[in-house]
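Please open the model in your viewer and keep the sequence panel beside it. The stops below are meant to be followed in order, with one selection at a time.

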Amino acid sequence: PTWAWRPALTGGVLGGLGQTLLDAVMHADLQPLLPFTEVNPVLRAVDLGTLHLACVVVGIMGGILWAWRH
């Protein structure tokens with residue numbers, strides 16, 4: 001199957017940055033703004049329970065949207 005490079009690149013960049021942001025909220029050893037600073041400004045910005053719930057809700061919404069489109 002063929003694929004278009006623009007959606008693949010966009011998905012890869014957004015996915016990589018999004019995952020880094022989610023990990024930075026959870027993990028104290030992550031330094032997402034290196035080499036500019038070692039400070040993690042988003043650490044514990046959101047309660048972990050809220051973060052997990054938001055991930056589940058967004059995943060369900062994505063699944064519904066995918067099923068609706070296909």
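Begin by selecting N40, which is buried at a relative accessible area of 12%; the cut-off for calling a residue buried is under 20%. Bear in mind, while you look around this residue, that the model is predicted. N40 sits in the loop between α1 and α2, and its side chain reaches the backbone nitrogen of L43 at 3.3 Å, a contact you can display by showing the side chain of N40 together with the backbone of L43.

**The whole chain**

Now zoom out to the full protein chain, whose secondary structure consists of two helices and zero strands. Along the principal axes, the C-alpha atoms occupy a box of roughly 40 × 30 × 15 Å. The radius of gyration of the protein chain is 16 Å, whereas a compact globule of 70 residues would have one near 11 Å. Buried residues account for 6% of the 70 residues, and N40, with its 12% relative accessible area, is one of the buried residues. If you turn on the surface, the accessible area comes to about 5900 Å², with 71% of it belonging to carbon and sulfur atoms.

**Along helix α1**

Select residues 5–26, which form helix α1, and pick out V13 within this helix. V13 is partly exposed, with a relative accessible area of 42%, and together with W3, W5, L9 and L17 it makes a nonpolar surface patch of about 630 Å². Colouring these residues on the surface will show where the patch lies.

Next, move to Q19, also found in helix α1, which counts as partly exposed at 43% relative accessibility. A distance drawn from the C-alpha atom of Q19 to that of G63 should read 18 Å, for two residues that are 44 residues apart along the chain.

The last selection in helix α1 is D23, which is partly exposed because its relative accessible area of 25% falls between the 20% and 50% cut-offs. From the C-alpha atom of D23 to that of V42 the separation is 9.6 Å, with their positions 19 residues apart along the chain.

**Back into the loop**

Return to the loop between α1 and α2 and select P35, which lies there. The peptide bond joining L34 and P35 is cis, with omega at about 10 degrees, so it is worth showing the backbone atoms at this step.

F36 belongs to the loop between α1 and α2 as well. Is F36 buried or exposed? Its relative accessible area is 76%, and F36 is therefore exposed, the cut-off being over 50%. The C-alpha atoms of F36 and L21, 15 residues apart along the chain, are separated by 16 Å.

Continue to R44, likewise found in the loop between α1 and α2, where the backbone has a positive phi of about 60 degrees although R44 is not a glycine.

**Into helix α2**

Finally, select D47 and G49 at the start of α2, where a side-chain oxygen of D47 comes to within 3.2 Å of the backbone nitrogen of G49. From there, extend the selection over residues 48–69 to take in α2. This helix has 22 residues and spans 31 Å from its first C-alpha to its last, close to the 32 Å expected at 1.5 Å a residue.

Notes
Residues numbered from 1 in each chain as written. Predicted model: local features only at pLDDT ≥ 70, side-chain atom pairs only at ≥ 80, totals over all residues. Heavy atoms only, no water. Helix = DSSP H or I, 4+ residues; strand = E, 2+ residues; numbered from the N terminus. Rg over C-alpha atoms; globule rule 2.2 N^0.38 Å. Buried < 20%, exposed > 50% of the residue type's maximum accessible area, 1.4 Å probe, protein only. Areas by Shrake-Rupley, 256 points an atom, 1.4 Å probe, with all protein chains shown as cover. Patch = residues over 30% accessible without salt bridge, like charges linked within 9 Å, V, L, I, M, F, W, Y side chains within 5 Å. Salt bridge = Lys/Arg side-chain N within 4 Å of Asp/Glu carboxyl O. Expected span 1.5 Å × (residues − 1). Polar contact = N/O pair within 3.5 Å; in protein donor to acceptor, adjacent residues only side chain to side chain.
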